[in-house]
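Could you walk me through this model in the viewer, one selection at a time? Here is a tour with a few stops, each saying what to pick and what is there.

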Amino acid sequence: SIYEMFGNECCLSTGEVIKVIGFRINKLIASICENNEVSGFSAKVELPLNFPGLYKVVADKTPYVSIEEITRKVSIGPSRFGHPCFYSPEDIKLANLTIKHGEQITFNSVEDVNGTMAVNCGVIRNNQSHSFTLPLSQEGKFYECEDDQIYTLKEIAEWKIPKCRNRIVKLSNTLHTWDSSNPLPENFDGCLILTPVYEVQAVMKFRKDIVNILSDLDVEVKDITDCYDINSFLQPLSLEDVFERTSKEFPMVAEIMEGPSGSQKPYNLLGTGKEIIIYKKYQATRVLASEIRSDSPKRHFLIPMSYKGKFKRRPREFLTAYDLEIARSEKEQLHVVATKAFDSPHKELFSVSVGDQFLVQQYQTSEVLYEGRKKLVDVLSCEQILRDTYKKVLLPMYMEGGFVEVIHDKKQYQLSEICKEFNFPFNVKVSVRDLSVEEDVLAAVPGLQFEEEITDSYLLISSASDPVESWEIPVYRLNMSVHLLSKDVQTVVQSVIKTTVEEISEEQYYMVRRYENQTLHPPPRPPKKPT
C-alpha cells in the first residue's frame with residue numbers, strides 16, 4: 001500500500017520488514033470537561049502538541065489494581081518527569097516497613113531485584129527519605145496523587161497520559177493572547193479531557209530515517225520478532241540517549257536520522273543524512289535574559305558566556321522598599337527616584353512624594369508609635385537628596401511605592417564582568433554587537449533583563465566532512481535523532497568552540513526557570529504592616 005506521510009509518499013510493500021521502535025502521541029483530541037465528564041455542549045477539538053499554554057494534571061480517580069498494571073501503563077524512568085506518585089487506601093506491610101494508607105509513594109525505577117521484577121519506591125517521613133521495593137505482583141488499589149506541577153501539552157503527552165486512558169487537565173496559564181484561530185473558547189480557564197491519537201515509530205531495512213505510521217492506517221502485519229535478526233536494523237538515538245552514554249564512549253561519529261529545521265549554523269549542519277562528530281558531553285553556563293517591555297509576549301534568550309558583544313546598563317524599576325534592600329550593593333550606592341507617592345501612617349517614618357530622590361543606605365529596625373504602644377518595625381535607611389544637602393530618612397520596608405534607578409555608570413561591560421560584579425535581575429542594552437556572528441539577535445532588542453545564571457546539558461559536535469568548526473548544541477531543546485556509525489574519529493585540532501544565543505519559547509522559558517534552579521530558594525516575603 002502507498003500512503004502520504006507528512007507530505008511524503010511512503011510505500012509499505014508486501015513482505016516489507018519493519019522494526020517498531022516506539023509509540024508516541026501524534027496529537028490530542030480535547031473536549032471541555034464539567035464534573036469530570038465531557039460537557040454535553042462541547043465539540044471535540046484537535047490540539048497539536050505544541051499548542052501553547054501550561055496545564056495542571058488532574059489526578060485520575062480510577063485506581064490501578066496492581067503494581068504491574070502501573071508499570072505497563074504509566075511512564076517511569078530517569079527523567080525528571082518519570083517519578084509518578086500513588087497512594088493506597090490500605091496499609092501495605094513489608095518486611096521492615098509498613099506503608100500507611102494514604103501515604104504518598106514515589107515510583108523511581110523498575111529493576112530486577114534478585115530475579116524478581118520490582119519497582120524502586122520511596123516515601124518521605126519527617127523530611128527523611130525511606131526507600132523500598134514493591135514487586136510487580138503486588139495487588140491492591142493504587143490511586144494517583146494530586147500533582148501541583150505545571151506542564152506543557154508536549155510534556156503531558158510524553159509522560160502524563162497513561163496507556164489506554166484519557167487525561168483531564170486544567171489550564172493554568174494561557175501564555176498567549178486569544179484569537180479567532182484558537183480552537184478553545186475565549187477566556188477559557190477550565191478543564192479539558194485529552195484523548196491521545198498515537199502513531200507508530202519504526203525503522204525499515206533500507207531506509208535511514210525514522211518512519212512515523214499513523215495508528216489508524218489499514219495495513220495487516222505479522223509479528224516475526226522471534227525469527228528475525230533485529231540487530232540488522234539501525235538503532236535510533238535521541239540526544240538524551242547520547243548524553244546518557246559514558247564519557248569514555250566519546251568521541252563518536254553519527255548519522256542524523258531526523259534533524260531540526262533552520263538555515264543558520266549550527267542547524268544547517270544537522271540535516272537528515274548528514275554525518276557529525278560528537279566530541280563530548282558536558283554542562284555549560286548560560287544567562288537567562290528576557291526582553292524588557294510592558295506588554296506581552298516577551299522574547300527570551302539563553303546567552304552563552306562566550307558572547308562577545310558589550311552591554312550598557314539600563315535603569316531598574318522597584319515596586320517596594322524591600323526590593324531596594326535586595327538590590328543594593330556594597331560596591332556602589334543605589335540612587336533612585338520615586339515614581340509613586342506614599343503617605344506614612346507613622347510620624348517617625350518618611351512620606352514619599354513623586355520625584356523624591358534617595359541614596360539607599362541599609363536595612364535596620366526602628367521604633368514607631370502604634371495605637372499608643374511602641375513597636376519595632378523593619379525599615380530602610382536612606383538619604384534624601386535635596387538641592388544642596390542630604391537628609392536622613394527611614395522608609396518602612398513594607399512600603400508599596402515605585403522607584404526608578406538613576407544610572408551614573410557609563411561603562412560598557414562584557415557578559416562575564418556583569419555576572420561577576422552585579423546581582424541579578426540586572427537591566428542592560430547591547431551597546432556593541434557581537435561582531436563574530438553574522439546576525440546578533442540581541443542587538444535589535446531595545447532592553448534586556450538578565451534574570452539568572454543557569455547550568456544546562458550540551459553536546460559538542462562538528463560536521464564529519466569539515467570538522468574545522470565545533471558547536472555546542474542543547475540536549476533538551478533540540479528535537480533530533482541519530483544512529484551511531486562504526487567509524488574511527490580522526491584526530492583533529494579543534495578550533496575555538498562556537499556557541500550561539502538561543503532564543504527560546506515562552507514554554508521553554510518556564511521550564512528552564514522551573515527545573516534548572518530547583519536548589520535556589522526564593523527570597524523571604526517582604527514584611528507586613530504592623531498589627
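Two strands pair if DSSP finds at least two bridges between them. Keep that in mind for the opening stop, and remember throughout that this is a predicted model.

**Stop 1: a run of paired strands**

Select strand β8 (residues 85-87) together with strand β11 (residues 105-113): two bridges join them, and they run antiparallel. To see how the strands line up, show phenylalanine 86, which stands opposite isoleucine 105 in β11.

Now add strand β12 (residues 116-125). It pairs with β11 in the antiparallel sense, over seven bridges. Here the residue to show is aspartate 112, with methionine 117 of β12 opposite. Follow the chain from β11 into β12 and you pass through a hairpin with two residues between the strands. Pause on asparagine 114 in that turn, where phi is positive, at about 55°.

**Stop 2: leucine 171 and threonine 152**

Next, pick leucine 171, in strand β15. Is this residue buried or exposed? Leucine 171 counts as buried because its relative accessibility is 12%. Leaving aside neighbours within four places in sequence, leucine 171 is in contact with Leu54, Tyr55, Phe188, Asp189 and Gly190. Try a C-alpha to C-alpha distance to leucine 192 as well: the two leucines are 21 residues apart in sequence and 7.9 Å apart in space.

Keep Leu54 and Tyr55 on display and select threonine 152, in the loop between β14 (139-144) and α2. Beyond the neighbours within four places in sequence, threonine 152 is in contact with Gly53, Leu54, Tyr55, Glu507 and Met511. At 10% relative accessibility, threonine 152 is buried too.

**Stop 3: salt bridges**

The model has 21 salt bridges. Begin with glutamate 46 and lysine 27, whose closest N and O atoms are 3.2 Å apart. Glutamate 46 belongs to strand β5 (residues 45-47) and lysine 27 to strand β3 (residues 18-34), so this pair ties together parts that are 19 residues apart in sequence. Both ends are partly exposed: glutamate 46 has a relative accessibility of 48%, and lysine 27 has 24%.

Move on to arginine 165 and aspartate 60, which meet in a salt bridge at 2.9 Å, N to O. How many residues apart are they in the chain? The separation is 105 residues, with arginine 165 in the loop between α2 (153-160) and β15 (167-173) and aspartate 60 in the loop between β6 (54-57) and β7 (64-66). Arginine 165 is buried at 11% relative accessibility, and aspartate 60 is buried at 16%.

Then select arginine 286 and glutamate 472, where the closest N and O atoms of the salt bridge are 2.5 Å apart. This pair also links distant parts of the chain: arginine 286 is in strand β20 (residues 275-291) and glutamate 472 in strand β31 (residues 470-474), 186 residues apart. Both residues are buried. Before leaving the salt bridges, display Arg313, Arg316, Glu332, Glu405 and Asp409, which are joined into one network by salt bridges that share partners.

**Stop 4: charges over rings**

Return to arginine 286 and bring up tyrosine 458. The charged end of arginine 286 sits over the ring of tyrosine 458, 4.2 Å from its centre. For another charge over a ring, select lysine 281 and phenylalanine 243: the lysine lies over the face of the phenylalanine, 5.2 Å from the ring centre.

**Stop 5: aromatic pairs**

There are 11 aromatic pairs in the structure. Zoom in on tyrosine 413 and phenylalanine 422, whose ring centres are 5.3 Å apart and whose planes meet at 85°, so the pair is edge-to-face. Tyrosine 413 is buried, with a relative accessible area of 4%, and phenylalanine 422 is buried at 15%. For a group of rings, select Tyr307, Phe311, Phe424 and Phe450, which ring pairs link into a cluster.

**Last stop: cysteines**

How many disulfides does the structure hold? The count is zero. Select cysteine 191 to see a free case: the nearest cysteine sulfur, that of cysteine 33, is 5.5 Å away. Finish at cysteine 382, which is buried at 0% relative accessibility.

Terms used:
Residues are numbered from 1 along each chain as its sequence is written. This is a predicted model: local features need pLDDT of at least 70, side-chain atom pairs count only at pLDDT 80 or more; totals for chains, interfaces and linings use all residues. Side-chain values use heavy atoms; hydrogens and water are left out. Rings of Phe, Tyr and Trp (its six-membered ring) pair if their centres lie within 6.5 Å; planes under 30 degrees apart count as stacked, over 60 as edge-to-face and the rest as tilted. Buried means under 20% relative accessible area, exposed over 50%, partly exposed in between (1.4 Å probe, protein chains only). A charge sits over a ring if NZ of Lys or CZ of Arg is within 6 Å of the ring centre and within 35 degrees of the ring normal. A disulfide is a pair of cysteine sulfur atoms within 2.5 Å. A salt bridge is a side-chain nitrogen of Lys or Arg within 4 Å of a carboxyl oxygen of Asp or Glu. Helices (H or I, at least four residues) and strands (E, at least two) are DSSP runs, numbered from the N terminus. Contact means heavy atoms within 4.5 Å.
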